[in-house]
Amino acid sequence: MLGAGFLESGSAGTAGPACGSGATGLLVGKTSGDSTGERLWSVPIFYQNEDNPLLQELACQGQLQVQYATGADDSGDFGTEDRPDACTWGNIEVRRFRFGMRARMFHSLKIHTLWDLYPDLSPRIYQRTAETYLSYMPCDAFNLSAGKVELKFTREQEISSRDYLTFERSQLVNQFYGGELTGAWVSGKNIAGAWLYELGAYSNERRDEWSRFEGGTMILAKLGYDYSESSGFDTALTELHYLHNSEPGYQSPGDPKSPPYSDAVAISNSISEGRFGLQAEAAWGNGTLGKPDVWGVSLLPSWFLTEKLQCAVLFEYCASTEPNGIYLPARYEACSPQAGDQSGDAYFSAYTGLNYYLHGHKLKVMTGVKYTHLEGEEDGGDFNGWTWLAGLRMML
């Protein structure tokens, strides 16, 4: 069973931003502890010794995610060939190309770094800082972390892209996306045996490097309950998330905007039993800056057909209280020739895919088909399209 924390999966051996439950609804094919794959994946570990009081582990880590997509709607074809040259290898999109280091010290201190690299290693190798943070973890009930980290609002966003079962998260979740932010957070788990919590404060300034704290503040609060033992499921977790943005839409020159929602709430439930997993989530956001309120629901069932082959299905519906509050996904529907008509007030998508785990989530191949429908009013656009995707995800 793959464990994922409140904010980050620990499957890569990294110090996640917070401790959480293993109740993710995500299953992976079993791998032998002395297999060739395990020996290969142990190569990046430079040093490991639990008896050393100063340094317990020092290792490098990385991610490589590449994918190909081709799709069509009434206006024509679209796909990875329409993505910027800076993030592609020919017609293959380099979704993530990262390298970093991790360390465990004093049995309670963890250091995590990940840097984005240029796909062609040009004009230089280093592109930007994706994540760098320090965690003090003396016990399950209290973890204190600070640094730069991806904001993890909603259960979908909590689960790392390394471990997620589809190529992209649902569109409503992406509209809430706050980017990699600088801040500090406190978290814990196993409170009274089953409760989890997290509270964090972040600068809403989305920068390639560290924040200059010139914008507003993001406050993220979470409360969860792990009811695996009482329910009889292998894993069972319910969560409530609340996000407040003191300055929606803030943008420093040359950087992306902060999301245009002052307050947002998400509630989720994840269960797994044997080969089956199910994740359900509902979210709502209070629009500002002339943007309407938005809400939506998603359902992600999964089933292992064999020990290593998994089927995953994602259904999503979201809507806005006024016209044109929902946008077409940037990958890849917004690349269709009907540029300009990319917003509406009702959105539905259905994805069906297969994941084959060569070495758990550390090395897997994925393929899937997605149907997308967007209904628009008042200068918005209707969209009906299909997309086929295939890709590989690898991590150290």
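Strands are DSSP runs of E with at least two residues, and helices are runs of H or I with at least four; both are numbered from the N terminus. The model is predicted, so local features need pLDDT of at least 70, side-chain atom pairs count only at pLDDT 80 or more, and totals for chains, interfaces and linings use all residues. Residues are numbered from 1 along each chain as its sequence is written, and side-chain values use heavy atoms, without hydrogens and water.

Strand β15 gives three residues to a nonpolar patch, the largest share. The patch lies on the surface and joins Trp284, Trp295, Val297, Leu299, Phe315, Tyr317 and Phe348, with about 610 Å² of accessible area together. Such patches take residues with over 30% relative accessible area and no salt bridge (side-chain nitrogen of Lys or Arg within 4 Å of a carboxyl oxygen of Asp or Glu). Nonpolar side chains (Val, Leu, Ile, Met, Phe, Trp, Tyr) are joined within 5 Å, like charges within 9 Å. Areas come from the Shrake-Rupley method with a 1.4 Å probe; for residues, only the protein chains shown count as cover.

Aromatic pairs number 13. Rings of Phe, Tyr and Trp (its six-membered ring) pair if their centres lie within 6.5 Å; planes under 30 degrees apart are stacked, over 60 edge-to-face, the rest tilted. Tyr68 and Trp388 have ring centres 6.1 Å apart and planes at 65°, so this pair is edge-to-face. Tyr68 lies in strand β2 and Trp388 in strand β21, so the pair ties together parts 320 residues apart in sequence. Phe176 and Tyr261 also form an edge-to-face pair, 5.1 Å centre to centre with 70° between the planes. Ring pairs further link Tyr133, Trp185 and Tyr202 into a cluster.
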